[in-house]
Amino acid sequence: MEVFDAVRTVLAVRRYSAQRPPGDLVRRIVEAGRLSASATNSQPWHFIVIEERATLDQIGRIMDTGHYAAGASLAIAVMIEKDRRIAVSDGSRAIQNMILTAWSEGVGSNWIGFGRMPALETLLGVPDSHQGLALLAFGYPAETIGRGRKKRKPLSEIASRERYGTPFA
Ligand SMILES: Cc1cc2nc3c(=O)[nH]c(=O)nc-3n(C[C@H](O)[C@H](O)[C@H](O)COP(=O)(O)O)c2cc1C
């Protein structure tokens, strides 16, 4: 899939089929996170790949805005170093790379939560040096989703040419 096509069609997927992504694809998704750029190349992240059903069930109970994570084939908890001011930006870039890499192979996902998630950190044995940034749930979509049909503000509202307020389009 072309990069722009992936960006254009990727959607939040919250219902997953029972078919599990193959191991080499899971590895590629994590690699997409590892290969991401970060400020001063600090790579202040740690990715925890969770495939055990019992842990996914527990995560579904913990995540207030993502109970559906219990139905995912796998989840990746993205932890970032606490003492790095820019780690949120770094981690977010890695997240987007992982989401797009999965999507390009037909695997849907969604970003759940934002910022510290103490219960998740405790469940996963995260050391005090790190904090949760997001929990990503992955799986093949349970149903066909409207590829490319997104609710977004028009370009005229969110982009300018040369100076703020001069219409770009
Ligand atoms: C930083 C961030 C945090 C999000 N947190 C949640 C969340 O906690 N639960 C959830 O179901 N979706 C979450 N989402 C997904 C958004 O709600 C979703 O991407 C947005 O509504 C647009 O929908 P679409 O991606 O299907 O176009 C989050 C997305 C981002 C970028």
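A residue counts as buried when its relative accessible area is under 20%, as exposed when it is over 50%, and as partly exposed in between. The exercises below apply these cut-offs to a predicted model.

**Exercise 1. Overall build**

Task: State how many helices and strands the chain has, and in what pattern they follow along the sequence.

Solution.
- Start with the count. The chain has six helices and four strands.
- Now read along the sequence. The pattern is α-α-β-α-β-α-β-α-β-α.
- Turn to overall size. The radius of gyration is 17 Å, close to the 15 Å that the globule rule gives for 169 residues, so the chain is as compact as a globular protein of that length.
- Add the box. Along the principal axes, the C-alpha atoms fill roughly 50 × 40 × 30 Å.

**Exercise 2. Burial, contacts and surface**

Task: Find what share of the 169 residues is buried. Then describe the contacts and the exposed area of the chain.

Solution.
- Apply the cut-off of under 20%. Buried residues make up 40% of the 169 residues.
- Take the contacts with a separation of 6 or more. Residues 24 or more positions apart account for 76% of them.
- Take the surface. The chain exposes about 9,800 Å², and carbon and sulfur atoms supply 51% of that area.
- Look for a nonpolar patch. V3, F4 and V7 make one of about 320 Å².
- Place one of its members. F4 lies in helix 1.
- Check its accessibility. F4 counts as exposed because its value is 60%, and the cut-off is over 50%.

**Exercise 3. Helix 4 and its cover**

Task: Compare the span of helix 4 with the expected value. Then list its buried residues and name elements that cover them.

Solution.
- Set the limits. Helix 4 covers residues 87–103, which is 17 residues.
- Compare the spans. From first C-alpha to last, helix 4 reaches 24 Å, close to the 24 Å expected at 1.5 Å a residue.
- List the buried residues. They are A87, D90, G91, A94, I95, M98, I99, L100, A102 and W103.
- Identify the cover. Among the helices, it includes helix 1 (3–9) and helix 2 (23–34).
- Add the strands. The cover also includes strand 1 (45–50), strand 2 (74–81), strand 3 (108–112) and strand 4 (130–139).

**Exercise 4. Three salt bridges across the sequence**

Task: The structure holds eight salt bridges. For the pairs R15 with E143, E105 with R28 and D128 with K82, give the distance, the location and the exposure of each partner.

Solution, pair R15 and E143.
- Distance: the closest N and O atoms are 3.1 Å apart.
- Location: R15 sits in the loop between helix 1 and helix 2, and E143 in the loop between strand 4 and helix 6 (155–158), so the bridge ties together parts that are 128 residues apart in sequence.
- Exposure: R15 is exposed at 51%. E143 is partly exposed at 38%.

Solution, pair E105 and R28.
- Distance: the side chains meet at 3.0 Å, N to O.
- Location: E105 is in the loop between helix 4 and strand 3, while R28 is in helix 2; the pair links distant parts of the chain, 77 residues apart.
- Exposure: E105 is partly exposed at 39%. R28 is partly exposed at 38%.

Solution, pair D128 and K82.
- Distance: the closest N and O atoms are 2.9 Å apart.
- Location: D128 belongs to the loop between helix 5 (118–123) and strand 4, and K82 to the loop between strand 2 and helix 4, so this bridge ties together parts that are 46 residues apart in sequence.
- Exposure: D128 is exposed at 64%. K82 is partly exposed at 33%.

**Exercise 5. The surroundings of Q131 and R15**

Task: Decide whether Q131 is buried or exposed. Then list the contacts of Q131 and R15, leaving aside neighbours within four places in sequence.

Solution, Q131.
- Place it. Q131 is in strand 4.
- Classify it. Q131 is buried because its relative accessible area is 19%, and the cut-off is under 20%.
- List its contacts. Q131 is in contact with V78, M79, I80, K82, R116 and E121.

Solution, R15.
- List its contacts. R15 touches Y140, P141, A142 and E143.
- Recall the bridge. One of these residues, E143, is its salt-bridge partner.
- Add a C-alpha distance. R15 and I112 are 97 residues apart along the chain, and their C-alpha atoms are separated by 13 Å.

Technical notes
Residues are numbered from 1 along each chain as its sequence is written. This is a predicted model: local features need pLDDT of at least 70, side-chain atom pairs count only at pLDDT 80 or more; totals for chains, interfaces and linings use all residues. Side-chain values use heavy atoms; hydrogens and water are left out. Helices (H or I, at least four residues) and strands (E, at least two) are DSSP runs, numbered from the N terminus. The expected span of a helix is 1.5 Å times one less than its number of residues. Buried means under 20% relative accessible area, exposed over 50%, partly exposed in between (1.4 Å probe, protein chains only). Contact means heavy atoms within 4.5 Å. Patches are made of residues with over 30% relative accessible area and no salt bridge: like charges are joined within 9 Å, nonpolar side chains (Val, Leu, Ile, Met, Phe, Trp, Tyr) within 5 Å. Accessible areas come from the Shrake-Rupley method with a 1.4 Å probe; for residues, only the protein chains shown count as cover. A salt bridge is a side-chain nitrogen of Lys or Arg within 4 Å of a carboxyl oxygen of Asp or Glu. The radius of gyration is taken over C-alpha atoms; the globule rule is 2.2 Å times the number of residues to the power 0.38.
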